[in-house]
Amino acid sequence: AVVSTQSGHYGRDMEMELSVNKRLLESIIVVRDDLMDSIREECGLTGTSKITSLALNKRTVSKEKLCGWIESMCSILNSNAVPLLQSTVAKADRCEVLDSEKIKDQNCIIQLQNELIKKKEKSTDCDSALIPLL
């Protein structure tokens, strides 16, 4: 097994993807927080854990508002959260492959080191056998 010469390329790609994913996550959080603030304000709630169907099912909350919130949540999920999760799963899969390759490479290095040790031992044995003859 040979260590990939493109490992630097993968590293840069992963760094760039991580940066993009961080920005995406930050934007998801901002949009979510804005949406949650709007819901809490409209329903007179103090925390996100208080957002329940009972709290949303008030006469003061219009059907149009509810539809807008649902549409916003679906948009956050479809255009941001799901792609981010898919990217994370793909990265985890890539990391598994790279870890497996690394283990194979390390085993190969250990095997080659053991062979080198045996050859050096054999060479030392030959040298020690020749020394009495001199």
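Me: Accessible area here is computed by the Shrake-Rupley method with a 1.4 Å probe. With that in hand, about how much area does the chain expose?

Reply: First, a caution: this is a predicted model. The chain exposes about 10600 Å². Carbon and sulfur atoms supply 60% of that area.

Me: What percentage of the residues of the chain count as buried?

Reply: Buried means under 20% relative accessible area. Of the 134 residues, 16% count as buried.

Me: How do I read the fold? Which pattern does the chain follow along the sequence?

Reply: Walk the helices and strands in order. The chain has 3 helices and 0 strands. Its pattern reads α-α-α.

Me: What share of the contacts with a separation of 6 or more joins residues 24 or more positions apart?

Reply: Contact means heavy atoms within 4.5 Å. Pairs 24 or more positions apart make up 61% of the chain's contacts with a separation of 6 or more.

Me: Now the interior. Which residues form the largest nonpolar core?

Reply: The general idea: in soluble globular proteins, nonpolar side chains tend to be buried together. In this model the largest nonpolar core has 12 residues, including Ile28, Leu35, Met36, Ile39, Cys43, Val61 and Trp69. Helix H1 (7-43) and helix H3 each supply at least two of the core residues. H1 gives the most, with 5 residues.

Me: Take Trp69. Which residues is Trp69 in contact with, leaving aside its neighbours within four places in sequence?

Reply: Trp69 touches Leu35, Ser38, Ile39, Glu42, Cys43, Leu56 and Val61.

Me: Is Lys91 buried or exposed?

Reply: Compare its value with the cut-off. Lys91 has a relative accessible area of 13%, so it is buried. Lys91 sits in helix H3, residues 63-130. Beyond its neighbours within four places in sequence, Lys91 contacts Met14, Glu17, Leu18 and Asn21.

Me: On to the cysteines. How many disulfides does the count come to?

Reply: A disulfide is a covalent bond between the sulfur atoms of two cysteines. The test is a pair of cysteine sulfur atoms within 2.5 Å. By that rule the count is 0.

Me: Where do Cys43 and Cys74 stand on relative accessibility?

Reply: Cys43 is at 3%, so it counts as buried. Cys74 is at 37%, so it counts as partly exposed.

Me: And where is Cys95 placed?

Reply: Cys95 lies in helix H3. Its relative accessible area is 31%, so Cys95 is partly exposed. Then set sequence against space: Cys95 and Met14 are 81 residues apart in sequence, yet 10.0 Å apart in space, C-alpha to C-alpha.

Terms used:
Residues are numbered from 1 along each chain as its sequence is written. This is a predicted model: local features need pLDDT of at least 70, side-chain atom pairs count only at pLDDT 80 or more; totals for chains, interfaces and linings use all residues. Side-chain values use heavy atoms; hydrogens and water are left out. Helices (H or I, at least four residues) and strands (E, at least two) are DSSP runs, numbered from the N terminus. Buried means under 20% relative accessible area, exposed over 50%, partly exposed in between (1.4 Å probe, protein chains only). A nonpolar core is a set of buried Ala, Val, Leu, Ile, Met, Phe, Trp, Tyr and Cys residues joined through side-chain atoms within 4.5 Å.
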